[in-house]
Amino acid sequence: MLYVFLAPAVILVFLFNYIPMYGVTIAFKDFSPTRGIMASEWVGFAHFTNFLQSPNFHQIFANTIKLSAFELLIGFPVPIILALMLNQMRRANIKKNIQLMIYAPHFISAVVIGGMIFIFLSPAGPINAMLSVFLDRPISFMSDPDYFRTIFIASGIWQGAGFASIIYVAALSNTDPQLHDAATIDGASLLQRIWHIDVQVLKPTMAVLFILAVGGIMGVGFEKAYLLQTDMNLPASEIIDTYVYKRGLQAGDWSFGAAVGLFNSVVSLMLLVSVNYIVKRFNGESLY
């Protein structure tokens, strides 16, 4: 009977996740919509070679890795810290209000976030208005490639850190209160109790979420990167996802776009397996 209940989910995954994988074969063909996938000419790894040998490959790949790596290193601890802080709050009404404020940005669409960033950081925006006290002229934040990475990462942490802390707050709710009581009696300080009790409770959750985060390190987030992109900050904002969109959809080079997307997926899979093995080796927690 349990398999009967499971069957609809399995069928849906098979229909919408596995069968469409057949379309990946266009990455190895000179795909033409009029001829179809089967009749299109087979070119092997030609599109992969063209991408790896293209003049802007190193820049695009480096931008993708830098954005993802910095966002992971800087942003991953923030939800944990928020959850630990929320766990120490004893007044329920204040805690709920704070949770509402830090969860709300998650439900703002990427388009709205992009518009807000452009308004706030424009030469006539409020940020430059405050900086005008110390500077002679406004800063063109959105036109300078040096600011793009900071803007992208900071806005991502602001938007997602609060909502990401939910799972850590849920994990902390399973902490045995007697552990804190015993530690308090033994003279442990607040920081000692957080480190030796709360953080230890969160370790398995942290390990699994870190593995998943590294597995998605190549998927920076197409929507916001594309929305924040300008002709001036292109050297820092062009990533693999935006490059695939421009070459694959806008330029109509379907096979090349599919090849770049497949390359991105393979790298993500390799990172996921590698980090899962390393975490399992040193921490004992893993996805499988």
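Helices, here runs of H or I at least four residues long, and strands, runs of E of at least two, are taken from DSSP and numbered from the N terminus. On that basis the span of residues 6-24 is 68% helix and 0% strand, and its end C-alpha atoms lie 28 Å apart. This is a predicted model, and every statement below should be read with that in mind.

**Overall picture and confidence**

The protein chain contains 16 helices and 2 strands, and its C-alpha atoms fill a box of roughly 75 × 70 × 35 Å along the principal axes. Of its 288 residues, 34% are buried. Among contacts between residues at least 6 apart in sequence, 65% join residues at least 24 apart. The mean pLDDT of the chain is 88, with 98% of residues reaching 70 or more; confidence is lowest in helix 2 (residues 36-39), at a mean of 84, and highest in helix 1 (residues 2-18), at 94.

**Annotated spans**

An unreviewed UniProt entry carries the annotation "domain: ABC transmembrane type-1" over residues 61-275, and it also places the feature "transmembrane region" at six listed spans, namely residues 6-24, 65-86, 107-127, 147-171, 201-222 and 254-279. The table sets out the computed geometry for the domain span and for two of the transmembrane spans.

| Span | Distance between end C-alpha atoms | Helix | Strand |
|---|---|---|---|
| Residues 6-24 | 28 Å | 68% | 0% |
| Residues 61-275 | 20 Å | 75% | 0% |
| Residues 147-171 | 36 Å | 96% | 0% |

**Nonpolar cores**

The largest nonpolar core has 36 residues, and those with the most contacts inside it are Phe48, Phe51, Leu84 and Leu202. At least two residues of this core come from each of helix 3 (46-53), helix 4 (57-75), helix 5 (77-87), helix 6 (92-103), helix 10 (166-172), helix 12 (190-215), helix 15 (240-250) and helix 16 (254-283). Helix 16 gives the most, with 8 residues. A second, separate core has 15 residues, including Ile113, Phe141, Met142 and Leu228.

**Helix 3 against helix 16**

The axes of helix 3 and helix 16 come within 9 Å and cross at roughly 75 degrees; because angles of 65 to 115 degrees count as roughly perpendicular, these two helices are assigned to that class. On the helix 3 side the contact involves His47, Phe48, Asn50, Phe51 and Leu52, which meet Ser255, Phe256, Ala259, Val260, Leu262 and Phe263 of helix 16.

Two residues of this contact can be followed individually. Leaving aside neighbours within four places in sequence, Phe48 is in contact with Ala27, Phe28, Ala259, Leu262 and Phe263. His47, also found in helix 3, counts as buried because its relative accessibility is 10%. Not counting residues up to four places away in sequence, His47 touches Ala27, Lys29 and Asp30 as well as Ser255, Phe256 and Ala259.

**Helix 4 against helix 5**

Helix 4 and helix 5 pack at an angle of about 20 degrees, with their axes 5 Å apart, and they are therefore roughly parallel to each other. The residues that meet are Leu72, Leu73, Ile74 and Gly75 in helix 4 and Pro77, Val78 and Pro79 in helix 5.

**Helix 12 and the loop after it**

Thr205 is found in helix 12 and, at 18% relative accessibility, counts as buried. With residues up to four places away in sequence set aside, Thr205 touches Ile167, Tyr168 and Ala171.

The loop between helix 12 and helix 13 contains Gly216, which at 37% relative accessibility counts as partly exposed. The C-alpha atoms of Gly216 and Ile26 are separated by 23 Å, the two residues being 190 residues apart along the chain.

**Helix 15**

The buried residues of helix 15 are Ile240, Thr242, Tyr243 and Gly248. These buried residues pack against helix 3, helix 4, helix 13 (222-227), helix 14 (234-237) and helix 16. Helix 15 is followed by Gly252, for which phi is positive, near 75 degrees.

Conventions:
Residues are numbered from 1 along each chain as its sequence is written. This is a predicted model: local features need pLDDT of at least 70, side-chain atom pairs count only at pLDDT 80 or more; totals for chains, interfaces and linings use all residues. Side-chain values use heavy atoms; hydrogens and water are left out. A nonpolar core is a set of buried Ala, Val, Leu, Ile, Met, Phe, Trp, Tyr and Cys residues joined through side-chain atoms within 4.5 Å. Buried means under 20% relative accessible area, exposed over 50%, partly exposed in between (1.4 Å probe, protein chains only). Contact means heavy atoms within 4.5 Å. pLDDT is the predictor's confidence in each residue, from 0 to 100. UniProt positions are given in the numbering used here, feature names are shortened, and annotations may be inferred rather than shown by experiment. Axes are lines fitted to C-alpha atoms, for helices over the stretch in contact, and angles run from 0 to 180 degrees between N-to-C directions. Angles under 35 degrees count as roughly parallel, over 145 as roughly antiparallel, 65 to 115 as roughly perpendicular and the rest as oblique.
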